[in-house]
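Me: Please give me a close look at the pockets here. Keep it brisk, and explain each term as it comes up.

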Amino acid sequence: MFKMNHKTLQTLIGCGAAAALAAIFKAPIAGVLFTLEILMLGLTISSVVPLLICAVTATSTSYILSGSQPVFDFVVNEPFSVSRIPYIVLLGLFCGFVSLYFTRGMNWMEDIFRKLASPYKKMAFGGIILSVLIFLFPSLYGEGYDTIEYLLGNHPENVTNGSIFRDFDHGWLLVAYLGLVVIFKIFASCATNGSGGTGGIFAPSLFMGCISGFILAKSINLSGIA
């Protein structure tokens, strides 16, 4: 009977992860890099080549079956400028603190749900949290891909649609609204997962990263620094 060693099994899992991400977002290189980073695979030919083959094959299949339209469609018209490097470094620092809050906040909330022995208590607790948060911040509903598309498409005013804060669609009010969305996203994600729902942290990570980048860029523009 054939038995796979640990390295082979890890490579196959990585191939599946890279193929899934590449197919969903039509981004083979991103799928490979994400898998190498998250699964801590060695940067060797024996690990990179299978990942590339799976990612490219999955992306090609996705193009054939669902067309060439990517999940997030946007175009960067302005060329890269060296003067923007300090802001990029600042963005990295800011997102680093956001990721620290995201990780520790998720762990804290998950510990709370673990203490609830009854599944009914978990569902009730999670349902109450989600109901309140989605009522106040409709952007927290679902994966958040609509919000990402609004921000990438330069239509941030649509983020507050359906919210009681719908007039907070400009200037610092919009920044404050999106800041609250980032803060409460971990509560919505943990309420979904902890109460027995199906979800992960990949989509929330994209969601919080996109909003965090917009918050920083908008704040710099409003302050007149750049």
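Reply: What follows begins with how to read the model, then turns to the pockets and their surroundings.

This is a predicted model, so local features need pLDDT of at least 70 and side-chain atom pairs count only at pLDDT 80 or more, while totals for chains, interfaces and linings use all residues. Residues are numbered from 1 along each chain as its sequence is written, and side-chain values use heavy atoms, with hydrogens and water left out.

First, the setting. The chain has 8 helices and 0 strands. Helices (H or I, at least four residues) and strands (E, at least two) are DSSP runs, numbered from the N terminus. From that end, the order reads α-α-α-α-α-α-α-α. The C-alpha atoms fill a box of roughly 65 × 55 × 35 Å along the principal axes.

Now the pockets. A pocket is an open set of points on a 1 Å grid over the protein atoms alone, where a 1.4 Å probe fits and protein lies on both sides within 12 Å along at least five of seven lines. Lining residues have an atom within 4 Å of a point. To get a volume, grid points are joined across faces, edges and corners, and the space filled by probe spheres set on them is taken.

The largest pocket has a volume of about 1,200 Å³. It is lined by 25 residues, and the closest to its centre are Arg84, Gly213, Phe214, Ala217 and Asn221. Three elements give two or more residues to this lining: α4 (85–114), α6 (145–152) and α8 (202–223). The largest share, 9 residues, comes from α8. By class, the lining of the largest pocket holds 17 nonpolar, 5 polar and 3 charged residues. Here Ala, Val, Leu, Ile, Met, Phe, Trp, Tyr, Cys and Pro count as nonpolar, and Asp, Glu, Lys and Arg as charged. The others, Gly among them, count as polar.

The second largest pocket has a volume of about 310 Å³. Its lining has 17 residues; the closest to its centre are Phe25, Ala30, Phe72, Phe202 and Leu206. At least two lining residues come from each of α1 (6–25), α2 (28–38), α6 and α8. This lining divides into 15 nonpolar, 1 polar and 1 charged residues. So α6 and α8 appear in the lists for both pockets.

Next, look at the loop between α1 and α2. Lys26 sits in it. The phi of Lys26 is near 55 degrees, a positive value in a residue other than glycine. Is Lys26 buried or exposed? Lys26 counts as buried, because its relative accessibility is 12%. Buried means under 20% relative accessible area, exposed over 50%, and partly exposed in between (1.4 Å probe, protein chains only).

Thr59 touches this loop residue from helix α3 (residues 45–66). Neighbours within four places in sequence aside, Thr59 is in contact with Ala22, Ala23, Lys26, Ala27 and Pro28. Contact means heavy atoms within 4.5 Å. Thr59 is buried too, at 6% relative accessible area.

A second loop residue has a positive phi. Asn154 lies in the loop between α6 and α7 (171–194). Its phi is about 60 degrees, and it is not a glycine. Asn154 counts as exposed, because its relative accessibility is 61%. Phe74 is in the loop between α3 and α4. It is partly exposed, at 45%. Phe74 and Asn154 are 80 residues apart along the chain, yet their C-alpha atoms are separated by 9.5 Å.

Last, the interior. A nonpolar core is a set of buried Ala, Val, Leu, Ile, Met, Phe, Trp, Tyr and Cys residues joined through side-chain atoms within 4.5 Å. The largest one has 32 residues, and Leu140, Leu178, Val181, Met208 and Ile211 have the most contacts inside it. The elements that give it two or more residues are α1, α4, α5 (119–136), α6, α7 and α8. With 10 residues, α7 gives the most. Another core lies apart from it, with 9 residues, including Cys15, Ala22, Val32 and Ala55. Back in the largest core, Ile211 touches Thr147, Leu151, Leu178, Val181 and Val182, leaving out residues up to four places away in sequence.

Across the whole chain of 226 residues, 31% count as buried. Of the contacts with a separation of 6 or more, 72% join residues 24 or more positions apart.
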